[in-house]
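Subject: Structure for you to look at

Hello,

Here is the structure I promised. Please open it alongside these notes, which follow below.

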Amino acid sequence: MVVAILGFMIGLAKGGFGGLGALLTPILALVLPVALAVGVLLPMLMVGDAFALYMYWKEWDFDLVKRMLPAGVVGALAGTFLLSWLSPDGLRIILGIFVLLLVAYRLASDRIQSLRYKRKPWHAPAAGFLAGLASGMFNNGGPAFSSYLLLQKLTARPFIATSAIYFGLLNLIKVPGFLYTGVLDLPLLFSLWWVFPCIPVGIWVARMTLTRLSSSAFEWIIIVLLIFSSLWLL
């Protein structure tokens with residue numbers, strides 16, 4: 001039941017409720033070891049990526065992606081190694097702390113967007129590496145990536161499209177490392193085939209309801225759930 005709900009939540013996140021993405025690994029890690037939770041979620045996220053790319057096809061800023069992706073691949077490889085190397089208890093504590101950092105990011109994101117920003121050549125690789133590292137460890141590189149995109153003052157659709165293609169490519173690149181380290185458990189994944197139809201349903205619901213929900217109320221619901229999940233993990 002938890003996995004089916006998460007499949008639906010992935011669809012909601014890829015359909016426009018991006019804040020839900022931060023909840024996926026913490027919730028599944030309440031019932032599975034962190035590494036196994038991350039591995040199970042990756043193929044589901046890739047299905048969501050495919051739908052998001054279809055919806056926002058060619059609306060992305062590919063120059064930004066090219067500046068960030070090489071360092072992102074290095075970060076994803078490092079994150080995958082740490083995911084397979086650290087103990088389950090260590091990963092759970094790190095994940096709990098990471099989720100609290102996500103809360104701080106969400107509270108500070110408006111202030112980040114209002115900063116006077118002067119671009120430096122190293123900013124894109126640094127943001128790409130941090131996004132890749134968090135993606136490799138927890139399937140959640142959004143905060144580092146979004147922080148950099150907020151400073152670029154992208155409008156909504158290019159912002160979503162650029163995020164979709166970056167993480168679509170990064171998630172695809174992560175597959176060999178997840179298979180090699182055993183993070184991606186194929187027998188378990190095949191037993192969960194019935195979850196995947198929940199993803200497009202979630203995307204459809206998101207598109208139908210996105211304009212009817214108060215954005216501020218939604219943000220606070222996500223923040224409260226993040227705090228609860230992080231304290232539970234810790």
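Start with Lys58. This residue sits in the loop between helix H3 (34-55) and H4. Its phi is positive, at about 65°, although Lys58 is not a glycine. Lys58 is also exposed: its relative accessible area is 63%.

Before going further, a word on confidence. This is a predicted model. The mean pLDDT of the chain is 77. Of its residues, 78% reach 70 or more. Confidence peaks in H4, with a mean of 89. It is lowest in helix H11 (residues 215-233), where the mean is 66. Please read H11 with that value in mind.

Next, helix H7 (residues 142-151). How many of the 10 residues of H7 are buried? Eight are, so H7 is largely enclosed by the rest of the structure. The buried set starts with Pro143 and Phe145. Ser146, Ser147 and Tyr148 belong to it too. Leu149, Leu150 and Leu151 complete it. Just after H7 comes another positive phi, at Lys153, of about 60°.

H7 packs against two helices that I looked at, H6 and H4.

H6 and H7

Helix H6 covers residues 123-138. Its axis comes within 7 Å of the H7 axis. The two cross at roughly 155°. Angles over 145 degrees count as roughly antiparallel, so H6 is roughly antiparallel to H7. The crossing is left-handed. On the H6 side, the contact uses His123, Ala124, Ala127, Leu130 and Ala131. On the H7 side, it uses Ala144, Phe145 and Tyr148. By class, this contact has seven nonpolar residues, one polar and no charged.

H4 and H7

Helix H4 covers residues 62-85. Here the axes come within 12 Å and cross at roughly 140°. That makes H4 oblique to H7. The crossing of H4 and H7 is right-handed. H4 contributes Leu64, Arg67 and Met68. H7 contributes Phe145, Tyr148 and Leu149. These residues divide into five nonpolar, no polar and one charged.

Note Phe145 and Tyr148. They are listed in the contact with H6. They are listed in the contact with H4 as well. Both are among the buried residues of H7.

Two long-range pairings

Ala161 lies in helix H8 (residues 156-181). Is it buried or exposed? Ala161 is buried, with a relative accessible area of 0%. Its C-alpha atom is 6.8 Å from that of Leu53. Those two residues are 108 apart along the chain. Setting aside residues up to four places away in sequence, Ala161 touches Tyr56, Glu59 and Trp60.

Leu184 comes after H8, in the loop between H8 and helix H9 (186-191). At 9% relative accessibility, Leu184 counts as buried. The C-alpha atoms of Leu184 and Val40 are separated by 6.3 Å. Along the chain, they are 144 residues apart. Leaving out neighbours within four places in sequence, Leu184 is in contact with Gly39 and Pro43. It also contacts Phe178, Leu179 and Leu189.

That is the set of findings. Over to you.

Best wishes

Methods. Residues are numbered from 1 along each chain as its sequence is written. This is a predicted model: local features need pLDDT of at least 70, side-chain atom pairs count only at pLDDT 80 or more; totals for chains, interfaces and linings use all residues. Side-chain values use heavy atoms; hydrogens and water are left out. Axes are lines fitted to C-alpha atoms, for helices over the stretch in contact, and angles run from 0 to 180 degrees between N-to-C directions. Helices (H or I, at least four residues) and strands (E, at least two) are DSSP runs, numbered from the N terminus. Angles under 35 degrees count as roughly parallel, over 145 as roughly antiparallel, 65 to 115 as roughly perpendicular and the rest as oblique. A crossing is left-handed if the near helix is turned anticlockwise from the far one by less than a right angle, and right-handed if clockwise. Contact means heavy atoms within 4.5 Å. Ala, Val, Leu, Ile, Met, Phe, Trp, Tyr, Cys and Pro count as nonpolar, Asp, Glu, Lys and Arg as charged, and the others, Gly among them, as polar. Buried means under 20% relative accessible area, exposed over 50%, partly exposed in between (1.4 Å probe, protein chains only). pLDDT is the predictor's confidence in each residue, from 0 to 100.
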